[in-house]
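Subject: Handing over a structure

Hello,

Here is the structure I promised to pass on to you. Please open it alongside this message and follow along as you read.

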Amino acid sequence: MTSTEFQSKVANVKALDFGTIFNQSIELYKKSWLQGFLMQLFVMILMLPFMIILYVPFILMIINQSESGQIDPNAMDGFFAGFSIFYILLFMIGVLVIAAIQMALNAAFFRILRSLDQGREVKTSDLFYFMKGQYFGKIVVLMLVTILIAIPAALFFYLPLIYAMVPMSFFTIIFAFNPEWSIGDIVGSAFRLGNKKWLLTFGLFVVSYAAIMILTMVTCGIGSLFVAAFMYHPTFYIYKGVIGFDDLSELDAIGEKEVF
């Protein structure tokens, strides 16, 4: 599919029903919860080293002050001043790479959702479909573009960010099914789709997020590993309802045959 065909489908989109999409998301979640759990687990494992690097020195400083019985009000300033520019830059690059890996896993998860929705078998290794050089470089750039859009939007009292987060939520799924597109085509198409279905997408996002938060609190936080991936299901069905899926392309056919 070309970006022009995508735009044509968005322009001629039919009405989508909130309740139907939410119910379809629940039914698909029953089939995809294991893959969603594994995706969240992989992301947590990837983030762990960076959390240790950042927080362990901070915790040790607090423990040392507690043992000495003296609280130094300037200790916090000295702690952060001890970080070199190189260390901070390296840490920021690491965070960007981790975020890009998460986006790659999310994109692969959308492909898994399509396979499950169509009644096809999936493998755990399918989660790493986009962890290849031919795709990962574009994912890093796409994540960088996401950050560059989100930061200025957040600076204006968060209202522009609330608007922009709906189109940005389509970045990953559009890339997942059109990885050959340019970054400009992906971003432009996401904003067209997001603008067209903004209220529906935002409503589903709020309801899904509220349900996830309730289940997370009920399960003392553990449940988030199992239910957090539900957020991607309404996005999948909005994309399916507006754009749909053609027969397996050559790229998809290759993906179905690959063994990781």
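Below is what I found in it, from the overall fold to a few single residues.

A word on the source: this is a predicted model, in which local features need pLDDT of at least 70 and side-chain atom pairs count only at pLDDT 80 or more, while totals for chains, interfaces and linings use all residues. Residues are numbered from 1 along each chain as its sequence is written, and side-chain values use heavy atoms, with hydrogens and water left out.

The fold

The chain has 12 helices and zero strands (these are DSSP runs numbered from the N terminus, with H or I over at least four residues for a helix and E over at least two for a strand). Of its 260 residues, 41% are buried, where buried means under 20% relative accessible area, exposed means over 50%, and partly exposed is in between, with a 1.4 Å probe and protein chains only. Among the contacts (heavy atoms within 4.5 Å) with a separation of 6 or more, 78% join residues 24 or more positions apart. About 14,200 Å² of the chain is exposed, and carbon and sulfur atoms supply 70% of that area (Shrake-Rupley method, 1.4 Å probe; for residues, only the protein chains shown count as cover).

The core

The largest nonpolar core holds 70 residues, and Phe130 and Ile174 have the most contacts inside it. Such a core is a set of buried Ala, Val, Leu, Ile, Met, Phe, Trp, Tyr and Cys residues joined through side-chain atoms within 4.5 Å. Helix α4 gives the most to this core, with 15 residues. Setting aside residues up to four places away in sequence, Phe130 touches ten partners if you care to trace them, including Ala104, Arg111, Phe136 and Pro179.

The largest pocket

How much space lies in the largest pocket? About 880 Å³. On a 1 Å grid over the protein atoms alone, a pocket is an open set of points where a 1.4 Å probe fits, with protein on both sides within 12 Å along at least five of seven lines, and lining residues have an atom within 4 Å of a point. Grid points are joined across faces, edges and corners, and the volume is the space filled by probe spheres set on them. There are 31 lining residues, and Asn106, Ser169, Phe205, Met231 and Tyr232 are the closest to the centre. Helix α9 provides the largest share of the lining, eight residues. By class, the lining has 21 nonpolar, 10 polar and no charged residues; Ala, Val, Leu, Ile, Met, Phe, Trp, Tyr, Cys and Pro count as nonpolar, Asp, Glu, Lys and Arg as charged, and the others, Gly among them, as polar.

Some places to look

In α6, the buried residues are Leu161, Ala164, Val166, Pro167 and Met168, and their cover includes α5, α7, α8 and α9. Gly188 lies in α8 and is partly exposed, at 22% relative accessible area. Its C-alpha is 9.1 Å from that of Pro167, 21 residues apart in sequence.

Asn178 is in the loop between α7 and α8. Is Asn178 buried or exposed? It counts as buried, at 3% relative accessibility. Beyond its neighbours within four places in sequence, Asn178 contacts Met1, Ile186 and Tyr239.

Happy exploring!
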